[in-house]
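Trainee: Could you take me closely through one part of this model, the place where the two chains meet?

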Amino acid sequence: MKPSPTAWLFLTPALLVLGVFFVLPVIAALGLSLTDYDLYALANVHNLRFVGLRNYWELLQRPLFWAALGHTFYFVLVGVPLSIAASLGSALLLNSPLARMRAFFRTALFAPVVTTVVAVAVIWRYLFDTKYGLVNYALAAIGVHPVDWLGDPHWAMPTIIAFAVWKNFGYNMIILMAGLQAIPPELYEAARIDGASAPRQFWHITLPMLRPTLVMVMILTVAGYFQLFAEPYVMTEGGPLQSTVSVLYLMYEEGFKWWNLGTASAVAFTLFLVIFMVTTLLLRLARRGAGA
Amino acid sequence: MKPRLAGWLVNGALAGCAVLALLPLLWMLSVSFMAPGAASALPPPLWPAHATLDNYRTLFALNGMGRYLVNSLAVSSAIALLALACNLMAGYAFAKLRFAGRERLFQALIGALVIPAQVAMLPLFLLLKYMGLVNSYAGVIVPAMATIFGIYLVRQYARGVPDELLEAARIDGAGEWRIFVQIVLPLLKPVMVTLTIFTFLAAWNDFMWPLIVLTGQEHYTLPLALASLAREHSEDSELMMAGSVVTVLPVLALFLALQRHYLQGLLLGSVKG
């Protein structure tokens with residue numbers, strides 16, 4: 001087959017869109033983060049000055065930046081393991097030969113994934129209402145005092161994590177189910193003949209065979225969870241006491257509320273670096289673990 | 001453990017999970033039919049005492065929900081169709097056409113997937129401002145017209161198209177464009193459906209970029225309208241739930257109708273590339 005000159009005609013629309021509206025802005029973001037682009041520069045570009053790494057340096061000295069980074073890590077460190085545990089648990093249940101009405105259960109468990117974050121976050125706000133919410137009402141039945149879920153700085157982030165787990169676990173559940181179905185049934189057959197119990201089968205067959213899928217799912221989920229934004233925007237507006245300000249929430253406020261586009265770009269790039277480092281580290285650890 | 005007991009446990013656990021997954025959505029539907037203020041009572045009512053459509057009437061008559069619904073439909077449909085065209089052509093070219101640097105370019109695109117979209121948003125806003133596209137539907141649509149994920153999805157699928165088929169058509173003297181339209185596209189129908197519903201749902205549910213680029217209410221999509229309603233009317237839970245129903249129901253219905261295609265796309269897209 002010889003090279004086809006028309007290939008570039010097929011590629012041009014997509015590459016043009018990606019080049020102009022993604023690649024170019026990403027490069028520009030790096031440049032922007034080295035300037036003091038603000039409201040004055042927005043009005044007249046001559047007010048723009050190159051400031052080197054000053055935005056980054058000032059960011060590192062702002063308590064709110066560290067707080068936002070801390071909240072985001074909290075969300076990722078607690079939210080990702082809980083999400084994956086929920087996904088794995090439901091995938092195992094759905095994949096069990098004893099399960100009935102699989103198609104129905106799969107659809108029901110997946111439904112939250114396709115819903116609109118903003119709309120379901122609004123629902124959760126009312127479900128977790130201190131006075132009239134169903135959650136506190138149910139808890140009162142077993143003697144728990146009302147909790148101010150979204151108004152208490154200690155409870156706001158856990159509530160957002162619970163929301164994220166509910167909203168997202170179905171996605172990985174589908175991927176993990178496919179992984180489970182790819183495990184050769186002969187392995188379980190042999191284990192049963194050797195008299196291995198169900199937990200031992202899970203530990204010695206299911207988990208090792210599922211490992212590549214689990215690693216992929218974990219890395220994608222970590223990268224996704226670092227981009228926390230809509231949940232605090234709708235559920236708490238970053239509060240109470242800024243306890244749910246995430247890195248992206250900070251970027252949004254800096255950039256589009258205060259119009260400090262230089263600082264906001266530095267925030268965005270820092271987040272990118274953090275995501276890149278964490279996912280690379282996880283990938284390395286996973287590879288080393290697989291070699292051992 | 002006795003098999004019968006195990007069966008009860010598995011199905012009981014599944015039923016419990018299904019209740020947890022669906023309860024918030026069913027509660028939303030139920031409250032949306034309650035009279036204003038009825039949901040704020042103790043004990044919290046599960047069913048409307050007198051079902052009413054008042055909340056929906058208020059939303060459409062006073063809060064302009066009809067306009068936001070049309071905005072959402074128009075913007076999401078435009079994105080789905082334009083992205084379908086761009087991604088189909090590019091994905092097919094990466095799968096089946098020869099050109100210099102094909103593999104390297106594709107690897108570069110896959111590598112770019114690690115960059116979070118939000119990094120591009122600030123300069124993108126400035127770019128669109130200079131182009132005069134801020135606060136217009138085009139501002140939401142244009143940057144979404146091609147996606148790396150979509151190109152990847154089409155490429156994965158198009159690799160299954162037999163080369164002999166294309167070669168035979170070329171020997172018969174058919175042009176590349178005719179081959180694409182008459183031979184390749186019919187074969188790509190399943191991935192076209194998958195990609196369209198994927199893109200449509202993503203566009204419908206998108207929040208951050210429309211929030212940035214749409215500055216005036218008249219262009220708002222449903223998630224934006226709902227978020228701004230939630231800030232103004234946070235006490236009116238019945239009204240807010242009706243708004244949530246209007247926002248969620250179309251995508252949920254679309255998903256239920258085309259579930260198989262959606263889940264296939266999810267799996268095709270998650271295979272390690």
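Mentor: Between chain B and chain A there are 13 residue pairs in polar contact, both residues being at pLDDT 80 or more, where a polar contact is a pair of N or O atoms within 3.5 Å, one able to donate a hydrogen and the other to accept it, and residues adjacent in sequence count only if both atoms are side-chain atoms. On the side of chain B that touches chain A, helix H1 (residues 3-32) of chain B gives the largest share, 17 residues, helices being DSSP runs of H or I with at least four residues, numbered from the N terminus. That side of chain B consists of 78 nonpolar, 13 polar and nine charged residues, with Ala, Val, Leu, Ile, Met, Phe, Trp, Tyr, Cys and Pro counted as nonpolar, Asp, Glu, Lys and Arg as charged, and the others, Gly among them, as polar.

This is a predicted model, in which local features need pLDDT of at least 70, side-chain atom pairs count only at pLDDT 80 or more, and totals for chains, interfaces and linings use all residues. Side-chain values use heavy atoms, without hydrogens and water, while residues are numbered from 1 along each chain as its sequence is written, and chains are lettered from A and ligands numbered from 1 in the order in which they are written.

In the contact (heavy atoms within 4.5 Å), 100 residues belong to chain B and 84 residues to chain A. About 8,100 Å² is buried between the two chains, with carbon and sulfur atoms giving 81%; this is the accessible area (1.4 Å probe) that two parts lose on being put together, summed over both. The rule finds one salt bridge across the interface, and Glu237(A) forms a salt bridge with Arg231(B), whose closest N and O atoms are 3.4 Å apart, the criterion being a side-chain nitrogen of Lys or Arg within 4 Å of a carboxyl oxygen of Asp or Glu.

Notes. Helices (H or I, at least four residues) and strands (E, at least two) are DSSP runs, numbered from the N terminus.
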